[in-house]
Amino acid sequence: MFSQEGTGRFLSSRVQDIRPSGIRAFFDLSAAGGDTIALGVGEPDFVTPEKVREACIQALREGQTKYTSNAGLMELREELSAYFAGSFALSYDPEQEIIVTVGSSEAVDLALRAVIDPGDEVLIPAPSYIAYEPITHLHGGKIVEVAAAAEEQFKLTPQALQAAITPHSKVLMINYPCNPTGTVMTEQDWLPIAELIIKHNLVVISDEVYAELTYGRKHVSIASLPGMKERTIVVSGFSKAFAMTGWRVGYACGPGELIAGMLKIHQYTAMCAPTIAQIAALESLRHGLAAKDEMMASYNERRKLFVAGLNAIGLVCHEPEGAFYAFPSIASTGMSSGQFALRLLEEAKVAVVPGHVFGTGGEGFIRCSYATSVVDLEKALERMGRFMQVMQPV
């Protein structure tokens, strides 16, 4: 038997190099405080709609507890195909070009594992979701951050992308609507980016888990542009827009050869997404779209209230056009984002995420999720306002 002392030496160097999640770190700190208002974790405060829960209960009563196909229930893939055609002007073959995964997180992992070899460069606009870098590292890829600057509303620009591309570049990993900034890319924003992608023969992994959550404009998938569908893996899931975080149902759509590669890995690791969760996801697509739209309208009202409130107390915030995050600047305080977030938690009992955990360009900002009640958002703004009035930079 292994001794309890020194067992850390058995860990791979890649695992040892990974830092714990900065989001979870502040979530754990906030959970320890009884009166803390948590604006940290990106999770809807809505419960999964009743019709969806009842469909799951009925499936259990009927004994639908066996494995599904590795790629997922055919009915769900067919419904996803129709959903994408109607919502995003994208056509995918449910038999060959769609795979159902254990959340969108597994879909990102499978996509990266399927396309990168050790040493391949993965271009990641930053600030960006914190999981992309460690997953890339685990699979031997080299992370190259591409600055998505605040002056450009955190959008990916062709100039920044061109400057980052080298002969070793293989993958562009994108996430729009963006976590943490709430930034949305338009068709006009995408066109010059697509030209560069095709010119340099890159493959795109597009995390579109917030595609349904846009305000004032419709989401445009980069896969819908000419020449892009055949080189893009679109990743999404039911967690955010459908309030199904704990069900762990995601999916990926893309060229059949790439999806087949992902399926090879999936069948040896996860086998298939949970059957009853897939049934719940199917019910969401068939009878839960109205509930999704109602939740979306609520997020929009909260967004307006919270962003206006941040600006009023001196935390300058650009208008997020997607997702459910505000990303205000704390530069005027003279503190780092880590110092600000810790003091805000300790002194005002409001938990946010420091921007530095999201990579290049994140320092000087904090991420606040407004996927919580209006009452809590108003309390948070009141506490943050008092904090801004009395705090002194360290």
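This report covers the nonpolar cores, one buried asparagine and one helix pair of a predicted model.

## Basis

The model is predicted, so local features need pLDDT of at least 70 and side-chain atom pairs pLDDT 80 or more, while totals for chains, interfaces and linings use all residues. Residues are numbered from 1 along each chain as its sequence is written, and side-chain values use heavy atoms, without hydrogens or water.

## Nonpolar cores

The largest nonpolar core (buried Ala, Val, Leu, Ile, Met, Phe, Trp, Tyr and Cys joined through side-chain atoms within 4.5 Å) has 67 residues. Buried means under 20% relative accessible area, with a 1.4 Å probe and protein chains only. Leu39, Leu76, Phe84, Phe238, Phe306, Phe324 and Phe340 touch the most other members. A second, separate core of 24 residues includes Val144, Ile174, Ile193 and Leu202.

Beyond four places in sequence, the contacts of Phe324 (heavy atoms within 4.5 Å) include Pro44, Tyr210, Lys240 and Cys368.

## Asn179

Asn179 lies in the loop between strand 5 (169–174) and helix 8 (187–199); helices (H or I, at least four residues) and strands (E, at least two) are DSSP runs numbered from the N terminus. Asn179 is buried, at 3% relative accessible area. Among the residues it touches beyond four places in sequence are Ser128, Tyr325 and Arg367.

## Helices 5 and 9

Helix 5 (residues 103–115) and helix 9 (residues 256–269) have axes that come within 9 Å and cross at roughly 115 degrees; axes are lines fitted to C-alpha atoms over the stretch in contact, with angles from 0 to 180 degrees between N-to-C directions. Among the residues making this contact are Leu110 of helix 5 and Ile265 of helix 9.

Definitions and conventions
Buried < 20%, exposed > 50% of the residue type's maximum accessible area, 1.4 Å probe, protein only.
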